[in-house]
Amino acid sequence: MQLKTLFWGIFIILYSIPGYASDVGKVWPSEIKIWTDPEFGCEITQYTQHDARSWHLYFNIESFINNDHAIIFSERSGSLQLYNLDLQSGEMVQMTDEKDLSTNIWHWPNLNTAWIVTGNTIKALNTKTYEAKTVKELPGPPRSMTITCDGKWIVTTIDKSKSNPNASPMQLGPFAIIKISTETGETVQISPDYGFVIGHLQANPTNPKIVSYCWQHLYKNGDYPGTRGATPLRVWWINIDGTDGGPVGPQEFGIHRTHEFWFPDGSRMGYSARYKFGPNKGKEFLGSCAPNGSDAYLMEAPVKYAHSQMFKDGRHWVADVNDGMVLTLFTINDRKISETRPLFRHDSSWNGQPSHPHPHFSPDGSRVLFSTDKSGSPQVYSVKIDMNN
């Protein structure tokens with residue numbers, strides 16, 4: 001009896017320690033608000049209104065679990081955590097209760113798994129049970145990360161100067177791509193050592209052997225001194241075995257591609273493009289090409305550096321226009337824009353990634369999920385769409 005009493009006493013003391021009791025599974029009440037936008041006539045839903053910042057996943061990472069649920073970030077608990085947002089009721093279920101949770105995440109809905117990063121550790125989060133299992137501990141936090149569509153490999157980047165005790169404080173790289181087995185933790189470098197910052201790793205959604213990445217451009221002071229300005233070749237690809245790869249070119253003189261992404265069927269890549277130099281300076285486009293850079297086409301549109309996404313029908317493309325302030329639905333026929341429909345003037349400040357719109361089509365194409373700090377802090381919204389009207 002005394003041992004039992006002692007056990008429960010210890011349990012109660014530990015449970016009362018802040019951070020010991022997990023809030024995973026906690027249901028947060030709905031903050032949903034729905035109205036018809038007076039400017040463009042679309043139905044807008046605002047899901048979050050808490051004082052803390054809330055936003056959904058980056059535009060090239062699937063935020064939707066299914067038609068009625070999406071994964072979002074929020075700081076409402078006092079720290080950054082993941083939540084399962086019910087798009088019908090507006091209720092949110094807390095999915096994580098982690099220390100040092102990063103926004104570095106990858107999600108495959110068909111595998112019911114989101115891979116998350118806490119500190120230097122990569123974990124696999126079950127999106128049904130919310131159980132998080134450690135997959136790999138790294139010497140430092142991964143800078144960019146993706147998971148092959150079969151769930152077998154984590155693909156990430158390393159900066160070898162960070163692990164070199166003899167490196168100069170001003171040393172840049174070399175950088176390389178590694179793959180990590182999700183089953184055994186085996187780690188293999190699959191790229192050469194490169195002298196440029198590698199970013200935007202994206203696994204092909206249907207072919208587990210292909211990963212795209214970018215020669216990351218930097219314009220502001222940051223972690224890597226000495227790398228500034230547009231890059232001569234933005235988009236690259238590599239075979240998961242490291243047997244083939246290279247630039248997704250050609251890249252025309254003066255043009256700067258950005259915010260590349262895979263089409264849902266994995267057959268092509270899309271991107272925003274703008275001429276920053278030369279006779280076409282100032283012209284802006286949505287562009288697409290095959291994975292090796294061939295069969296490319298450009299469609300002139302005022303999209304600047306828009307985040308964009310193609311729906312699975314291959315005909316509807318969502319992006320921002322007019323200096324990135326108006327969320328717009330484009331209809332594509334014969335590789336030309338046949339219709340342009342403005343959806344919502346989100347007026348984001350563009351002050352940090354949580355405020356960026358990052359539009360996402362729902363699986364059934366009935367809505368576009370986006371974020372903006374139009375109300376003062378980043379919040380999660382959607383706009384209802386009818387692709388047939």
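Colleague: Why is strand β15 (residues 175-181) described as largely enclosed by the rest of the structure?

Modeller: Seven of the seven residues of β15 are buried, so the strand is largely enclosed by the rest of the structure. Buried means under 20% relative accessible area, with exposed over 50% and partly exposed in between (1.4 Å probe, protein chains only). This is a predicted model, in which local features need pLDDT of at least 70, side-chain atom pairs count only at pLDDT 80 or more, and totals for chains, interfaces and linings use all residues. Residues are numbered from 1 along each chain as its sequence is written, and side-chain values use heavy atoms, with hydrogens and water left out.

Colleague: How do you know that both faces of β15 are covered?

Modeller: In a regular strand the side chains alternate between the two faces of the sheet. On one side of β15, F175, I177, K179 and S181 are buried, and on the other A176, I178 and I180 are buried as well.

Colleague: What makes β14 and β15 a pair?

Modeller: Two strands pair if DSSP finds at least two bridges between them; strands are DSSP runs (E, at least two residues), numbered from the N terminus. Strand β14 (residues 153-159) and β15 are joined by seven bridges in the antiparallel sense, so they satisfy the rule of at least two. Within this pair, I158 stands opposite A176. β15 also pairs with β16 (residues 187-189), in the antiparallel sense over three bridges, and I178 stands opposite Q189 there. The hairpin of β15 and β16 has five residues between the strands, and G185 takes a positive phi near 85° in it.

Colleague: Why are β9 and β12 called edge strands?

Modeller: Four strands form an open antiparallel sheet in the order β9-β10-β11-β12. β9 (101-108) and β12 (132-137) each pair on one side only, and they are the edge strands. The pairing of β9 with β10 (residues 113-118) is antiparallel over five bridges, with W108 opposite T113.

Colleague: What makes the lining of the second largest pocket 18 nonpolar, ten polar and two charged residues?

Modeller: Ala, Val, Leu, Ile, Met, Phe, Trp, Tyr, Cys and Pro count as nonpolar, Asp, Glu, Lys and Arg as charged, and the others, Gly among them, as polar. Applied to the lining, these classes give 18 nonpolar, ten polar and two charged residues. Of the 30 lining residues, the closest to the pocket's centre are E62, W108, P205, P264 and Q309. Lining residues have an atom within 4 Å of a point of the pocket. β9 is among the strands that each supply at least two residues of this lining.

How values were computed
On a 1 Å grid over the protein atoms alone, a cavity is a set of points where a 1.4 Å probe fits but cannot get out, and a pocket is an open set with protein on both sides within 12 Å along at least five of seven lines; lining residues have an atom within 4 Å of a point.
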